[in-house]
Amino acid sequence: SVESGWRLSHSSILVSGTQDPVTAVGQVFKVLASDGQDPLLEYGDSNITARFDVEVVRIDPAQDLVVGKSEFVWDYVSDGPFTAELTLCCRVAENQNANNRVKIATVVDLTGNSLGSPVVAMMPRIHLDGSMDTMQSFLVPAAAQAEDGSSLAWSIFNDYWTPQEPQLFGIEPNSTYIDGLDVATGVLTVDVGMHNMGSGEDLQMLVVVSQGSARSMVDFLVRVQPPAGSVPTLTITAPPSPHPLAGQSTTQLRGLPTVTAFEGFEVSLSVRGADADIFNSVFFEYNSLPSNLVLEPRFENNPSTQRLRWTPTAAQVGRHNLCAAAMDADPASPCSPCTPAPGEASCVPACPAQLRSVPLCFLVDVQSNNAPLFALPAPADRHYRIEMNEVLSVVVSAVD
């Protein structure tokens, strides 16, 4: 199973079998080639050109983004290695697809207890507050898929790859203004003051998240918002009592402990936005949420608060990052299409102006809800009679 992001406005993103652009979750489009290069799906014992169907799981008009999933079935014909690597061209980088610069490569090693490569729940665009010449941080959220006890590790593309890596073309992503990336937590820090004294251009970032021999690569854009207007703030709140976190709230990165949930039982989370400018409406944008999560857009009749209600299934056991950002523009507002210049394969659509908070994430650990064990003591001087009564309840009685 592969999840990938594509430019919504790209001329090739059409509902399969039609000339209609993609507009809804559940539609299917075909991925053939991007900028003349086919995706490549390489297994440990063979490889195929990955011209595949993509089922839409998320549409984000304000970021010119469509996210979809594809399913592949492969029977290894030898004793391994049991690996799979998908290479896509080219970088998504929000709306600014770079042509033939860096390929995105994801690797899965199924030799041990790995269920897949790390799942990175990054939004395609991060906004920082340009009115504050400070070090500002945000999270590159990821969740492990291996059960071998190994930890996740984060690294900048420039630091991870050697110059000989074939995935590197032309120029490297911009890391000039990065103060550091915590290898153990995924918190990335940008020197906004240094950026403000520089070119002021958006930073195109590529981060590698690895676990053992498996890895995922995520591409995103960092935009330092000009010091004009008020930047919305975001608060996230854990489930209410009787959950152990009892409605704990935070405005800090990873300020909320892991939320424990169980398959088959609903977990309730909420987000609240605020803007110092009382005349601004507050909207919310999310990363790719589970398909069975219910979003209540006006929780308790308050448009600045939304509730996320989710009843995980057995197939969703594991760790999930559910991330949100507060913004002052409607995320349903589409970007304006553009026409590539002669000789160019792509262009940058004009997207709505917006100020947005740094995303905050719930880390939800969904655990199995195994059936309880039923056991009766067996003293030597007693035996038990089990019978079904008229109201379909079980009666257990001890008999001398």
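A: Before we start: a residue counts as buried when its relative accessible area is under 20%. The model here is a predicted one.

Q: OK, what share of the 400 residues counts as buried?
A: Of the 400 residues of the protein, 43% are buried.

Q: And how many helices and strands are there?
A: The protein has two helices and 28 strands.

Q: What share of the contacts with a separation of 6 or more comes from residues 24 or more positions apart?
A: That share is 66%.

Q: Let's take one strand. How many residues of β10 are buried?
A: Five of the five residues of β10 are buried, so β10 is largely enclosed by the rest of the structure.

Q: Which residues of β10 point which way?
A: R125, H127 and D129 point one way, while I126 and L128 point the other way. Residues on both sides are buried.

Q: Does β10 pair with β17 in the parallel or the antiparallel sense?
A: The pairing is parallel, over five bridges, and β17 covers residues 214-225. In general, strands of a sheet pair through backbone hydrogen bonds, in either a parallel or an antiparallel way.

Q: Which residue of β17 stands opposite L128?
A: That is V224.

Q: Switching to pockets. What is the volume of the second largest pocket?
A: Its volume is about 330 Å³. The lining is made of 17 residues, and those closest to the centre of the pocket are P232, T233, T251, S357 and V358.

Q: Which strand gives the most to that lining of the second largest pocket?
A: β10 does, with three residues. The strands that each supply at least two residues of the lining are β10 (125-129), β11 (135-139) and β18 (233-237).

Q: How many of the lining residues of the second largest pocket are nonpolar, polar and charged?
A: Seven are nonpolar, eight are polar and two are charged.

Q: What about closed spaces, how many cavities of 30 Å³ or more does the structure hold?
A: There is one cavity of 30 Å³ or more. The largest cavity has a volume of about 40 Å³.

Q: Which residues line the largest cavity?
A: The lining consists of A121, M122, M123, L139, P141, C323, P359 and C361. By class, the lining has eight nonpolar residues, with no polar and no charged ones.

Q: β18 came up with the pocket. In what order do the five strands of its open sheet run?
A: The order is β19-β18-β21-β24-β23, and the pairing is antiparallel. The edge strands, each pairing on one side only, are β19 (249-250) and β23 (294-296).

Q: How many bridges are there between β18 and β19?
A: β18 and β19 have two bridges, in the antiparallel sense. T237 stands opposite S249 in β19.

Q: Where is H243?
A: H243 sits in the loop between β18 and β19.

Q: Is H243 buried or exposed?
A: H243 has 18% relative accessibility. The cut-off for buried is under 20%, so H243 counts as buried.

Q: What does the side chain of H243 reach?
A: The side chain of H243 reaches the backbone oxygen of T260 at 2.9 Å. Beyond its neighbours within four places in sequence, H243 is in contact with V259 and T260.

Q: New topic: where is R58, and is it buried or exposed?
A: R58 is in strand β5, residues 52-60. R58 is buried, because its relative accessible area is 9%.

Q: What lies 3.1 Å from a polar atom of the side chain of R58?
A: The backbone oxygen of Y286 does. Leaving aside neighbours within four places in sequence, the contacts of R58 include V25, P124, N287 and S288, and Y286 is also among them.

Q: Now the hairpin: how many residues lie between β14 and β15?
A: Five residues lie between β14 and β15, and G186 in the turn has a positive phi of about 80 degrees. The two strands, β14 (residues 178-181) and β15 (residues 187-191), run antiparallel and are joined by three bridges. L181 stands opposite L188 in β15.

Q: Last one. Which strand holds S210?
A: S210 is in β16, residues 203-211. S210 is buried, with a relative accessible area of 13%.

Q: How many residues along the chain separate S210 and A153?
A: They are 57 residues apart along the chain, yet their C-alpha atoms are separated by 5.3 Å.

Terms used. Residues are numbered from 1 along each chain as its sequence is written. This is a predicted model: local features need pLDDT of at least 70, side-chain atom pairs count only at pLDDT 80 or more; totals for chains, interfaces and linings use all residues. Side-chain values use heavy atoms; hydrogens and water are left out. Helices (H or I, at least four residues) and strands (E, at least two) are DSSP runs, numbered from the N terminus. Buried means under 20% relative accessible area, exposed over 50%, partly exposed in between (1.4 Å probe, protein chains only). A polar contact is a pair of N or O atoms within 3.5 Å; within protein, one must be able to donate a hydrogen and the other to accept it, and residues adjacent in sequence count only if both atoms are side-chain atoms. Contact means heavy atoms within 4.5 Å. On a 1 Å grid over the protein atoms alone, a cavity is a set of points where a 1.4 Å probe fits but cannot get out, and a pocket is an open set with protein on both sides within 12 Å along at least five of seven lines; lining residues have an atom within 4 Å of a point. Grid points are joined across faces, edges and corners, and a volume is the space filled by probe spheres set on the points. Ala, Val, Leu, Ile, Met, Phe, Trp, Tyr, Cys and Pro count as nonpolar, Asp, Glu, Lys and Arg as charged, and the others, Gly among them, as polar. Two strands pair if DSSP finds at least two bridges between them.
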